[in-house]
Protein chains: 2
Amino acid sequence: MTSLATEENVAAAPGHVEFRVRPDAYRHWRLTVDGPVATLAMDVDEQAGLVPGYELKLNSYDLGVDIELYDAVQRLRFEHPEVRAVVLTSAKDRIFCAGANIRMLATSPHGWKVNFCKFTNETRVGIEDATANSGQAWIAALNGTASGGGYELALACEHIMLVDDRSSTVSLPELPLLGVLPGTGGLTRVVEKRRVRRDLADYFTTRPEGVGARKAVQWRLVDEAVARPQWSEAVAARAAELAARSTRPADARGIELTPLAKTRTATEISYRYVSAALDGARGCAEITVRGPDRAAPAGLAEVHRQGADFWTLAVTRELDDLILDLRTNETALGTWVLRTAGDPGRVLEYDRLLLDHRDDWLANEIVLYLKRTLKRLDVTSRSLMALIEPGSCFAGSLLELALAADRSYQLSGAFEDQDAAAEAATVTVDRMNLGALPMANDLTRLQTRFFGDPDALAAATGRAGQALSTEDALGLGLVTFAPDDIDWAEEVRIAIEERTSFSPDALSGLEANYRFTGPETTETKIFGRLSCWQNWIFHRPNASGPDGALRRFGTGQRATFDRERV
Amino acid sequence: MTSLATEENVAAAPGHVEFRVRPDAYRHWRLTVDGPVATLAMDVDEQAGLVPGYELKLNSYDLGVDIELYDAVQRLRFEHPEVRAVVLTSAKDRIFCAGANIRMLATSPHGWKVNFCKFTNETRVGIEDATANSGQAWIAALNGTASGGGYELALACEHIMLVDDRSSTVSLPELPLLGVLPGTGGLTRVVEKRRVRRDLADYFTTRPEGVGARKAVQWRLVDEAVARPQWSEAVAARAAELAARSTRPADARGIELTPLAKTRTATEISYRYVSAALDGARGCAEITVRGPDRAAPAGLAEVHRQGADFWTLAVTRELDDLILDLRTNETALGTWVLRTAGDPGRVLEYDRLLLDHRDDWLANEIVLYLKRTLKRLDVTSRSLMALIEPGSCFAGSLLELALAADRSYQLSGAFEDQDAAAEAATVTVDRMNLGALPMANDLTRLQTRFFGDPDALAAATGRAGQALSTEDALGLGLVTFAPDDIDWAEEVRIAIEERTSFSPDALSGLEANYRFTGPETTETKIFGRLSCWQNWIFHRPNASGPDGALRRFGTGQRATFDRERV
């Protein structure tokens with residue numbers, strides 16, 4: 001656990017948060033690369049919390065720590081393709097990580113807690129993605145106690161090693177000590193991924209002191225226990241072994257994730273390809289994603305040469321940063337309007353270039369990053385509305401934006417007053433929509449859209465590669481509505497206004513239920529079932545009330561519970 | 001929607017609730033049976049709400065209405081095996097059902113709302129079970145508008161007919177009007193069961209007026225629209241058609257679900273085979289389920305002759321009633337301790353008799369009812385602890401109680417002071433544990449327990465039919481702990497006390513996550529994802545605060561929302 005705060009409870013007042021960071025500015029992590037093995041050591045600066053009011057003792061973390069972790073995960077994938085195993089450990093003595101900072105949680109507003117946990121979960125799923133799909137196996141080398149979110153972080157790794165020194169433990173003490181859940185994947189991964197028997201998991205999760213190395217191995221909570229004298233050697237050996245299994249190329253040279261060019265005011269955020277107009281009065285952000293401004297490179301060598309300037313990577317990084325920025329800083333903008341602008345043919349050229357070279361590490365990484373960014377959109381608690389107008393390029397990868405939306409409008413005909421001769425809007429299903437960008441439920445967005453309706457799915461995919469008119473797209477069920485010029489402005493205005501008039505909470509619930517039709521996975525369970533229970537518990541007085549466990553922790557006073565079972 | 005209450009908001013004060021009811025005492029439903037077709041007509045008595053403070057206008061419902069519905073579903077299965085199709089309709093003109101009574105929801109405590117929705121959901125899943133497994137197809141004959149929970153009730157039926165009269169609609173107006181979700185299955189069934197495309201579902205769910213017959217058919221919200229002049233004839237024809245498809249035997253004679261003999265005081269509930277000691281000080285209910293008090297009948301004829309006295313049916317009815325009673329009336333008893341008493345061999349005789357005759361309608365119904373009752377236990381928000389002692393009969397069907405528990409303790413050896421010569425406690429896996437009683441995730445409790453560990457599952461099932469000693473059961477992973485006489489009392493006492501000391505909310509969340517490992521189904525999504533979102537929303541000021549949508553509805557004042565998206 002973490003900082004035993006003794007000050008009074010003062011509500012933290014989170015300010016503007018930027019997610020852009022670079023390794024040379026890390027306050028909390030040390031990243032070293034030694035050939036095929038990287039070591040990422042957690043070394044949290046107690047005094048460098050993102051928000052005033054708490055100290056990050058015992059390697060406890062807040063959003064700032066997690067932002068750096070996310071940056072490291074990303075850079076390892078793009079800047080260090082030679083890395084085949086990542087050792088996640090602690091630079092502190094006898095403590096791996098004490099989890100999310102309790103005082104931070106206790107003093108944060110409800111929405112901040114929820115958003116923080118979501119980002120934390122996304123990074124962990126990203127670590128699992130690196131292991132599964134990028135040949136970078138993550139190893140949790142627990143050189144000291146891993147409790148709460150610290151153990152949950154380890155659970156995201158492929159292999160967990162715990163030092164066997166008769167004092168280090170793994171534990172999930174949230175329930176007994178704080179009255180909340182191990183809500184960043186813990187409950188789900190313990191039984192689904194580690195396959196700990198549910199009754200043992202129940203016992204483990206109610207035991208604040210956790211379990212030591214030997215029992216942890218016996219119950220499958222960790223993979224191996226190693227005595228301290230053999231520790232460094234064993235970790236190195238395991239890293240070498242996992243690295244040797246990797247299919248990652250030995251001679252690859254990374255590309256630099258150069259600083260994002262971003263300008264931001266109170267009413268606008270803009271990057272090279274992505275921009276957003278922030279409209280507080282209407283409660284919406286109008287996002288425009290621009291297609292490539294030049295033809296696709298002729299071959300792979302040029303993709304590598306362009307690196308972070310390559311359109312797909314650039315636009316994905318910008319969209320990723322925008323999603324995180326808006327989620328965290330613009331919580332009252334409840335509707336995101338999604339537009340694209342550009343040449344659909346060029347989008348498809350870039351897509352096809354990447355898909356033709358999935359065996360290249362960089363092409364593969366770019367597609368995986370796009371996949372993760374679109375998944376971020378899926379779990380974003382904002383209403384998503386796609387507007388498909390003349391001049392747009394909802395094709396292939398960018399069609400996913402419309403498929404991710406809660407509803408879409410495609411103009412029938414032209415805007416007579418603006419450009420009566422403009423080519424009508426089209427949408428194009430292409431190879432990129434047929435498997436490369438699965439959602440958290442392991443289905444494509446098309447499969448999810450047409451869940452249980454194989455004929456409709458076949459009809460839509462059968463038109464792959466064709467620019468579909470509004471009438472065709474509507475008939476195929478690829479868009480929701482197709483107003484013409486006369487109705488467009490009014491219909492869109494009403495849709496946005498209506499959305500803004502509804503209960504924001506009910507909308508979050510509605511969207512979270514409708515977006516994930518079909519099968520469930522560990523990932524959807526984490527974002528759906530587990531996070532949702534945690535949100536409810538976070539909101540209950542038993543946790544967050546003045547006498548609740550989260551607020552009372554560290555005060556020396558026990559929590560007072562309403563004992564009613566709900 | 002429902003009663004536009006004009007009185008002030010007065011918090012309802014729910015009193016003791018009994019779930020035992022008989023058709024001749026129904027206030028809200030009319031059940032008529034005409035050969036193979038039964039008609040269940042909703043005819044809610046406005047003045048007969050279960051709790052003072054609201055009027056059940058427009059066929060809106062409260063827990064009392066739902067208790068009668070549940071009784072009707074059960075009696076149709078046991079008392080009317082000749083019924084092959086059930087027409088669910090309304091006895092009122094131009095309104096089918098307006099859903100859960102809003103004023104009741106607005107004035108009910110949080111826990112009451114959650115428990116009410118859970119029971120409602122269970123009854124609807126039971127209707128689907130009757131259609132799928134009992135050859136009783138349910139047809140929703142919407143002779144007028146079905147809104148909110150009214151439409152959600154229709155969604156539980158196999159076939160939905162809507163009168164096409166230019167005024168009747170189906171709708172889910174909860175989100176736009178009340179700021180809550182269609183939380184009793186609506187969001188899940190619309191996309192998962194009806195397979196409505198998610199963007200159309202989104203639009204439908206934000207449209208308070210809903211959609212009329214023709215669009216409802218087009219979007220798959222209903223199966224057919226029928227003009228009023230043809231209505232009665234069409235419903236009768238469809239019922240006859242579905243009845244003709246049923247495999248239900250034509251000549252079967254029902255058995256009477258005789259009144260349950262129950263005595264209840266503030267500290268004890270007892271029936272013939274089941275009893276519970278209510279211990280408010282320790283926050284627990286100590287439940288004992290007794291095995292058969294006589295040998296199993298020699299054959300099927302005797303099972304039919306015994307009817308409701310047949311042990312398995314009797315004990316299931318008692319357990320069902322007890323679960324509902326404790327959930328609703330004893331919310332501060334957070335831990336249920338489960339014991340059995342009797343001859344394990346006799347339990348297995350009854351189980352095998354039933355399984356040998358699954359083609360008999362009554363044997364089949366009894367097994368299905370046991371399945372549903374055990375599923376009720378799985379979604380109960382109480383900690384479940386099984387104590388396996390000498391003289392117990394945790395075998396076959398009753399072993400499921402231990403497998404449903406969050407943890408289990410089996411005594412090693414004997415209680416030296418009580419009966420040193422007693423036969424040691426055993427548990428027995430048997431045929432009943434291998435498929436007849438699946439959980440909501442469609443796995444058996446053994447498969448769920450050993451999820452991802454096929455060797456452990458095979459080892460346990462390989463011992464089927466054998467009475468397993470404590471050491472064997474522990475080794476096979478069938479029980480959690482095996483204290484001996486010296487440690488037993490202390491260990492059990494501490495486990496119960498500890499449970500009672502934890503946050504009740506966090507325990508509900510913990511148990512809901514650990515109990516459903518593995519695949520998800522429409523049913524687990526309703527109880528896991530959807531209900532959980534609804535609980536969170538119910539708790540938020542945007543719904544339930546003084547200015548929230550649920551409280552403001554019908555006052556003429558609009559809700560005031562905190563517009564932050566969480």
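Me: In this predicted model, what rotation superposes chain B on chain A?

Reply: Two copies of a chain are related by a turn about an axis plus a shift along it. Here the shift along the axis is 0.0 Å, and chain B lands on chain A with an RMSD of 0.0 Å. The two copies are thus related as by a two-fold rotation axis. The rotation that does the job is 180 degrees.

Me: Why can we say the copies meet through the same surface, and what percentage backs that up?

Reply: Start with the head count: the contact takes 88 residues from chain A and 88 residues from chain B. Then check whether the interface residues of chain B turn up in the interface of chain A too. They do, so the copies meet through the same surface, and the share is 100%.

Me: Which residues of chain B lose the most area to chain A?

Reply: People often give the size of an interface as the accessible area lost when the parts come together. For chain B and chain A that buried area is about 8,600 Å², with carbon and sulfur atoms giving 54% of it. Three residues together make up 13% of what the chain B side buries. They're Arg198(B), Tyr514(B) and Arg565(B).

Me: How many salt bridges cross the interface of chain B and chain A?

Reply: Let's look at one of these pairs before the total. The side chain of Asp202(B) meets that of Arg407(A) in a salt bridge, at 3.0 Å from N to O. On the side of chain B that touches chain A, there are 36 nonpolar, 26 polar and 26 charged residues. Across the interface, the number of salt bridges found is 18.

Me: Which helix holds the salt-bridge partner of Lys371(A)?

Reply: Searching the whole structure turns up 126 salt bridges over all chains. In one of them, Lys371(A) pairs with Asp129(A), their closest N and O atoms being 2.6 Å apart. The pair links distant parts of the chain, 242 residues apart, with Lys371(A) sitting in helix H13 (residues 361–378) of chain A. Asp129(A) sits in helix H3 (residues 110–133) of chain A.

Me: Which strands stand at the edges of the sheet in chain A that runs S13-S14-S15-S16-S17-S18-S20?

Reply: This is an open sheet of seven strands with mixed pairing. For example, S18(A) (residues 383–388) pairs with S20(A) in the parallel sense over four bridges, and Ala386(A) stands opposite Ser408(A). An edge strand has a single partner, so one of its sides is left without a neighbour in the sheet. The edge strands are S13 (263–264) and S20 (407–410).

Me: Which residue in the hairpin of S1(A) and S2(A) takes a positive phi?

Reply: S1(A) (residues 29–34) and S2(A) (residues 37–42) pair in the antiparallel sense over six bridges, with Trp29(A) opposite Met42(A). Two residues lie between the strands. The residue with a positive phi, near 65 degrees, is Gly35(A).

Methods. Residues are numbered from 1 along each chain as its sequence is written. Chains are lettered from A and ligands numbered from 1 in the order in which they are written. This is a predicted model: local features need pLDDT of at least 70, side-chain atom pairs count only at pLDDT 80 or more; totals for chains, interfaces and linings use all residues. Side-chain values use heavy atoms; hydrogens and water are left out. Copies are superposed by least squares on the C-alpha atoms of residues with pLDDT of at least 70 in both. Contact means heavy atoms within 4.5 Å. Buried area is the accessible area (1.4 Å probe) that two parts lose on being put together, summed over both. A salt bridge is a side-chain nitrogen of Lys or Arg within 4 Å of a carboxyl oxygen of Asp or Glu. Ala, Val, Leu, Ile, Met, Phe, Trp, Tyr, Cys and Pro count as nonpolar, Asp, Glu, Lys and Arg as charged, and the others, Gly among them, as polar. Two strands pair if DSSP finds at least two bridges between them.
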